[in-house]
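Colleague: I am new to this structure. Please take me through one part closely, and then show me what surrounds it.

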Amino acid sequence: MEYVATHLRVVAALLVREMSTRFGSKPGGYVWALLDPAAHILLMTSIFQAIAHTPALGTSFALFFATGYIAFQFYQAMNGYLNAAVKANKALLSYPNVAPIDTIVARFVLQMGTTSLVAFIVLGTIVATMRVDTDLHWPSILEAIALACLFGLGVALINCVLFLKYPLYEQVFGIVNRPLFLISGVFFLPDSIPAPYRELVLINPLVHIIMGFRKGFYPEYRAIGLDMDYLYGIAFLTLFAGMLVFTLSRKTLRNE
Amino acid sequence: MIRFEQATKYARTKGIKKPIIEDASLTLNRGKSVGLLGRNGAGKSTLLRLIAGAIKLDGGRIIRRGKISWPLGFAGSFQSSMTGEQNVRFVARIYGVNTEQLIAYVEDFAELGPFFKAPVGTYSSGMKARLAFGLSMGVNFDYYLVDEITAVGDTNFKKKCQAVFETRLQDSDVVMVSHSTGTIRDYCDCGVVLEKGKMTYYENVEDAIRAHDKNMKES
């Protein structure tokens, strides 16, 4: 019990620490953690709305783009923030009761909450201002969010270790990770891609996450090619591999 | 009590593997403060981190009875982007002590003035040491692990440290690393000399200092 209590205390302390320092030096503090991505999405949405008038789904371009982008962010923001969790809290790891996994847990909880709030703000604004009523299918939405977060966590657990061990890998990961935004189906529907290329696009698990998420907003969307078994398999395999690597690399993480 | 049982630890950097301790067994009993002596790079600081539990052994185990502090050193365990106050809050939370009380104590002790609310990154090493020392003295431990920290600060501050430390040492012990044999003599009853992966325990601190001096002369 003592052991669990210590971890809970440490995670709580790290949560407060992350919240107060992430945007602590700017006036407004944590509010920026919400405002920044929300403003970013609203801006991007209005730019793309000006370029393309008719979305691939439904009638609102804003909703189409924002659903794709937010589903993507559940993975991307989580992953980007967690990749640096151990490194950013290095000094605090010299307290024996702060474990590397505590920094991950704290950031996971914080990022999950932050992106969820951003999603509420942005999607809430869009849905409320739309003329057409939207039927939300919550199970699809929550399932996609959970899988995006867990997949992001799994990749980050592996990255935390590998970034420290092989600095070159960090560069390579950055190069591979950057264009993900373009190929994950934020702007387009994989359903509309011709046969040989569609199979390639569908290898990317993020494509399935975004399709699943959109299904929750568009009841008429058939999401051809969406394979939840594949998504579950990849997400949990990555998570398991991450937990294994992270546990076995305690020494690297403590920076001995 | 702190007991080493066949403890082994190697320092590894870029293909070099150097033993810090090899198959070492040793018991340090409560009620005695220990001075840890050894040449530069012998691994004294690593040994303190091992005792604290911040890093793990490669083999064997360390049994600890009692609350042990984190290793107090210059480099500090502070997050430089956080203010002094935030760092203190953090420690209060992870050790489960009263936050406001600890902040009041440290603020008074460290005499940082307005800098207490500035990021630790802006501190001088003396200021960091004052914060670190005040912070650890504000939390009750059975063992304080001290890494050279008493050497910093001006005379007034040193006096203050000494006074607080001495009251603390009435019911706590210290494991101290210092290159100043005078400091070791002042605070410690017994000594451990770390040389070539071996820990040798001396009941009397004077014997430990003598053995250490002899080691230093030999090479």
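Modeller: What follows looks at the sheet of chain B, then at the contact between the chains, then at a helix pair in chain A. Keep in mind that this is a predicted model.

Start with the sheet. It is open and has 6 strands, all from chain B. Read across it and the order is 5-6-7-3-8-9. The pairing is mixed. Two strands sit at the edges: strand 5 (68–72) and strand 9 (198–202) of chain B. Each of these pairs on one side only. From one strand to the next, the twist averages 15 degrees.

Now go inside the sheet. Strand 3 of chain B covers residues 34–38, and strand 8 of chain B covers residues 190–195. These two pair in the parallel sense, over 5 bridges. To find the pairing by eye, look for B:Leu36. Opposite B:Leu36 stands B:Val192, in strand 8 of chain B.

Helices cover parts of this sheet. Helix 1 of chain B, residues 44–52, packs on it. That helix touches strand 3, strand 5, strand 6 (143–147), strand 7 (173–177) and strand 8 of chain B. Its direction makes about 155 degrees with that of strand 5 of chain B. Helix 7 of chain B, residues 205–218, lies across strand 3, strand 8 and strand 9 of chain B. Helix 7 of chain B runs at about 20 degrees to strand 8 of chain B.

Next, the partner chain. Chain A brings 18 residues into contact with 16 residues of chain B. On the chain A side, helix 1 (2–22) and helix 12 (250–253) each supply at least two residues. Helix 1 of chain A gives the most, with 7 residues. By class, this side of chain A has 8 nonpolar, 4 polar and 6 charged residues.

Finally, look at a helix pair within chain A. Helix 2 (residues 31–51) and helix 3 (residues 61–83) of chain A pack with their axes 10 Å apart. The angle is about 140 degrees. Angles over 145 would count as roughly antiparallel, so helix 2 and helix 3 of chain A are oblique to each other. Helix 2 of chain A passes helix 3 of chain A in a right-handed crossing. From helix 2 of chain A, the contact residues include A:Pro37, A:Ile41, A:Met44 and A:Phe48. From helix 3 of chain A, they include A:Phe61, A:Phe65, A:Tyr69 and A:Ile70. The residues of this contact divide into 11 nonpolar, 3 polar and no charged.

Definitions and conventions: Residues are numbered from 1 along each chain as its sequence is written. Chains are lettered from A and ligands numbered from 1 in the order in which they are written. This is a predicted model: local features need pLDDT of at least 70, side-chain atom pairs count only at pLDDT 80 or more; totals for chains, interfaces and linings use all residues. Axes are lines fitted to C-alpha atoms, for helices over the stretch in contact, and angles run from 0 to 180 degrees between N-to-C directions. Helices (H or I, at least four residues) and strands (E, at least two) are DSSP runs, numbered from the N terminus. Angles under 35 degrees count as roughly parallel, over 145 as roughly antiparallel, 65 to 115 as roughly perpendicular and the rest as oblique. A crossing is left-handed if the near helix is turned anticlockwise from the far one by less than a right angle, and right-handed if clockwise. Two residues are in contact if their C-beta atoms, placed from the backbone, lie within 7 Å. Ala, Val, Leu, Ile, Met, Phe, Trp, Tyr, Cys and Pro count as nonpolar, Asp, Glu, Lys and Arg as charged, and the others, Gly among them, as polar. Two strands pair if DSSP finds at least two bridges between them.
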